[in-house]
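Work through the exercises below with the sequence and the structure side by side, and try each task before you read its solution.

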Amino acid sequence: MAYQPIVDIKSRSVYAYEALVRGKDGSGAGEILGRVTDENRYRFDQTCRVKAIEIAARLGIKTRLSINFLPNAVYDPKSCIRATLEEAARHQFPVEQIMFEVTESEPVRDPVHLQGIFNEYHNRGFITAIDDFGAGFAGLNLLSRFSPDIIKLDMGICQGIADDRVKRAIAEGIISTAISLDITVIAEGIERKEDLQALAEMGVSLFQGYLFAKPEVEVLPEPDYSAI
């Protein structure tokens, strides 16, 4: 697992670290996910969750830990969460510090099933998030159905937003909707100070991207706050 910080520019602190899967040979997430099939999806999802907590605990993480999950791998929320709870208990990692992200760029085969997953995670005290928001299949319909704690604004919208009136208009609509629903917004893929400033002016205070730190394998990288 590699870890990348999500920073709070108001407090100049790390809000969370996202765990990102990597191959033993250093290969990236895209190559690894390309090997996931219906036959190994559940085992892969469970292994990633356990490994993310195990390594984060060993590294002494004190912030929230963000873990991606594959909604189509979860056949029963209560059963699937058992290994996560056991691993958290083993390392005395508070469950309220664990954030589960589901990507909006992956088609959801069964929305009712996903809603059940979100409800179960809320009941267990986990933070829930929709990743890559604005990039994929459901958009605001997904938001209205699941009411997550957090949405992560897709990098395709965030990158270059300072110079693009269309991206700015889309982002303003999403952010204002999220704020009215008490949903926290994280802007991801931030690489330029100009884009950071544009999104901050819209009310975003949580950011993730190379401007602050790149993911590092089995390390909790310290963010560079000089762009703030």
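**Exercise 1.** Determine what joins the side chains of glutamate 54 and lysine 51, and where the two residues lie relative to each other in helix H2.

*Solution.* In this predicted model, the side chains of glutamate 54 and lysine 51 meet in a salt bridge, with 3.5 Å from N to O. The next step is their placement: both belong to helix H2, and because they are three residues apart there, about one helical turn separates them. This fits a general rule, since an α-helix has 3.6 residues a turn, so residues three or four places apart point the same way. The last step is accessibility, where glutamate 54 is partly exposed at 27%, and lysine 51 is likewise partly exposed, with a relative accessible area of 34%.

**Exercise 2.** Describe the salt bridge between glutamate 188 and lysine 152, and decide whether these residues are buried or exposed.

*Solution.* Begin with the distance: the closest N and O atoms of glutamate 188 and lysine 152 are 3.7 Å apart. The pair connects distant parts of the chain, for glutamate 188 sits in strand S7 (residues 184–188) and lysine 152 in strand S6 (residues 150–153), 36 residues apart. Both glutamate 188 and lysine 152 are buried. Finally, follow the shared partners, which join Glu18, Glu101, Lys152 and Glu188 into one network of salt bridges.

**Exercise 3.** Give the number of salt bridges in the model, and characterise the one between arginine 35 and glutamate 31.

*Solution.* The count comes to 12 salt bridges. In one of them, the side chains of arginine 35 and glutamate 31 meet at 3.2 Å from N to O. Arginine 35 has a relative accessible area of 49%, so it counts as partly exposed, and glutamate 31, at 45%, is partly exposed as well.

**Exercise 4.** Examine helix H2 by its length, its buried residues and the residue that follows it.

*Solution.* Start with the length: H2 has 18 residues and reaches 26 Å from its first C-alpha to its last, close to the 26 Å expected at 1.5 Å a residue. Then look for its buried residues, which include Arg41, Phe44, Asp45, Gln46 and Cys48. Glutamine 46 is a useful case to check, because its relative accessibility of 10% makes it buried, as the cut-off for that class is under 20%. Leaving aside residues up to four places away in sequence, glutamine 46 touches Cys80 and Ala83. After H2 comes glycine 60, whose phi is positive, near 80 degrees.

**Exercise 5.** Identify the residues that touch the most other members of the largest nonpolar core, and find which element gives that core its largest share.

*Solution.* The largest nonpolar core has 60 residues, and those touching the most other members are Tyr3, Leu65, Ile151, Leu153, Leu199 and Phe207. Its largest share, six residues, comes from H2. To see one member in detail, take leucine 153, whose contacts beyond four places in sequence include Phe133, Cys158, Val185, Glu188 and Leu199. Another core, of nine residues, lies apart from the largest one, and among its residues are Ile6, Tyr15, Ile127 and Ala129.

**Exercise 6.** State how many disulfides the model contains, and give the accessibility of cysteine 48 and of cysteine 158.

*Solution.* The count of disulfides comes to zero. Cysteine 48 is buried, because its relative accessibility is 12%, and cysteine 158 is buried too, with a relative accessible area of 1%.

Methods. Residues numbered from 1 in each chain as written. Predicted model: local features only at pLDDT ≥ 70, side-chain atom pairs only at ≥ 80, totals over all residues. Heavy atoms only, no water. Buried < 20%, exposed > 50% of the residue type's maximum accessible area, 1.4 Å probe, protein only. Contact = heavy atoms within 4.5 Å. Salt bridge = Lys/Arg side-chain N within 4 Å of Asp/Glu carboxyl O. Helix = DSSP H or I, 4+ residues; strand = E, 2+ residues; numbered from the N terminus. Disulfide = S-S within 2.5 Å. Expected span 1.5 Å × (residues − 1). Core = buried A, V, L, I, M, F, W, Y, C linked by side-chain atoms within 4.5 Å.
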